[in-house]
Amino acid sequence: QVPVPCEVRVVRLEAEVQDLMNVISDQQRYIQELHNSQAQQLEHIPNSHLGPENLHRGGARYCSQVFADGNVASGLYVIRPDGSPTALTVYCDMNNGGGWTVFQRRRDGKESFDRSWVEYKHGFGDLHSPDGEFWLGNDPLHYLTSQGNYDLRINMEDFEGNQRYAEYKNFKVDDEKDQYQLHLEEFTGNAGDALADAHTLSPGGKKWANPGLGSSGVKFSTFDQPNNEADSQCVRLSKSGWWFSRCDSGNLNGHYYKGPYEAMTNDGVVWYTWHGWWYSIKSVVMMVRAADLEHSPSVIPPSVGAPGSADRPQPIG
């Protein structure tokens with residue numbers, strides 16, 4: 001049998017690659033159409049089905065307003081951030097001072113975070129289950145954090161039951177045309193600062209001057225849209241979308257492993273300053289809150305059965 005010339009094989013392989021790229025492109029368009037359809041359906045759902053919480057004094061823009069209105073129960077609420085084309089169902093965490101809007105949750109690895117740009121844009125996963133894993137979406141995250149000054153809080157737990165946290169001041173995510181660029185400033189917490197290279201300002205108030213990163217933050221990257229040269233290799237190894245600064249120094253969207261040391265490379269759910277490169281963390285929750293919310297709500301909901309309690313908004317579900 002006469003062997004097929006290399007040039008012919010290359011042409012065939014290139015045609016197969018192009019066919020696969022077309023399939024991926026079609027799938028991404030279909031996913032975006034589904035997200036747009038769901039968003040439009042949410043807009044037309046009767047208010048009675050969403051519950052009264054979406055009518056907070058003309059509509060809450062973030063969970064801090066929901067909390068400030070006297071709602072201290074964690075759960076699903078409907079908000080509409082400034083600039084958002086649709087209302088959003090979000091999980092409001094009323095612990096740690098209350099008013100936190102959760103945008104990422106990892107628990108057991110049921111949800112893959114090795115997703116395309118358009119999936120990270122609109123969000124994915126199981127928001128409605130108490131322990132469901134999800135990413136709220138880069139577009140919603142941009143709308144949320146563009147309304148003012150926001151704090152970022154990250155709660156983490158390892159496989160031994162130890163818990164740590166990290167908080168950052170002035171957390172902001174730019175829009176898509178700026179590749180959802182990440183900005184954050186002052187760090188506090190006991191997990192260590194694994195996002196040091198992403199800081200907009202140094203502790204002394206001066207701009208960072210890290211080669212390749214610039215001084216304006218770190219851009220988001222996925223396997224189909226790496227946004228700087230160094231990201232290409234990081235994304236391939238990490239199997240996730242993230243703000244890669246030192247590759248996986250603080251990649252909380254990494255591949256989920258069922259135990260801390262199953263990772264053969266540093267592609268797990270990594271927070272370097274706590275457990276190093278090779279330990280994959282068990283659970284993570286990432287959330288944001290308006291920085292001006294410093295006190296508990298002045299109005300505490302009456303107990304169940306008390307006069308007026310039936311009029312108090314409750315979480316969805």
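This is a short conversation about a predicted model and the terms used for its parts.

Colleague: Why is S240 called buried?

Modeller: Buried means under 20% relative accessible area. S240 has 1%, so S240 counts as buried.

Colleague: Where does S240 lie?

Modeller: S240 sits in the loop between α6 (229-238) and α7 (272-275).

Colleague: What makes the link between the side chains of S240 and N251 a polar contact?

Modeller: A polar contact needs a pair of N or O atoms within 3.5 Å, one able to donate a hydrogen and the other to accept it. The polar contact between the side chains of S240 and N251 is 3.0 Å. That value is within the cut-off, so the distance condition is met.

Colleague: R115 is in a loop too, between β3 (100-106) and α4 (117-122). How do you know that R115 is buried?

Modeller: The relative accessible area of R115 is 16%. The limit is under 20%. Therefore R115 is buried.

Colleague: Which side chains make polar contacts with the side chain of R115?

Modeller: E111 is one of them, at 2.4 Å. E119 is another, at 2.8 Å. Both values fit the 3.5 Å cut-off.

Colleague: What else is R115 in contact with, leaving aside its neighbours within four places in sequence?

Modeller: Y120, F124, T222 and F223. Contact here means heavy atoms within 4.5 Å.

Colleague: Why is helix α5 called largely enclosed by the rest of the structure?

Modeller: Count its buried residues. Helix α5 spans residues 138-145, and seven of its eight residues are buried, so α5 is largely enclosed. The buried ones are N138, D139, P140, L141, H142, L144 and T145.

Colleague: What makes the largest nonpolar core a core?

Modeller: Its members must be buried residues of certain nonpolar kinds, joined through side-chain atoms within 4.5 Å. The largest such core has 58 residues. M156 and W271 have the most contacts inside it. Strand β11 gives the most to this core, with six residues. In soluble globular proteins, nonpolar side chains tend to be buried together.

Colleague: M156 also lines the second largest pocket. What makes a residue part of a lining?

Modeller: A lining residue has an atom within 4 Å of a pocket point. The second largest pocket has 13 lining residues, and N155, M156, E157, Q163 and R164 lie nearest its centre. Its volume is about 240 Å³.

Colleague: Which strand gives the most to that lining?

Modeller: β6, with four residues. β6 (150-157), β7 (163-168) and β11 (283-290) each supply at least two.

Colleague: How many lining residues of the second largest pocket fall in each class?

Modeller: Three are nonpolar, five polar and five charged.

Notes: Residues are numbered from 1 along each chain as its sequence is written. This is a predicted model: local features need pLDDT of at least 70, side-chain atom pairs count only at pLDDT 80 or more; totals for chains, interfaces and linings use all residues. Side-chain values use heavy atoms; hydrogens and water are left out. On a 1 Å grid over the protein atoms alone, a cavity is a set of points where a 1.4 Å probe fits but cannot get out, and a pocket is an open set with protein on both sides within 12 Å along at least five of seven lines; lining residues have an atom within 4 Å of a point. Grid points are joined across faces, edges and corners, and a volume is the space filled by probe spheres set on the points. Ala, Val, Leu, Ile, Met, Phe, Trp, Tyr, Cys and Pro count as nonpolar, Asp, Glu, Lys and Arg as charged, and the others, Gly among them, as polar. Buried means under 20% relative accessible area, exposed over 50%, partly exposed in between (1.4 Å probe, protein chains only).
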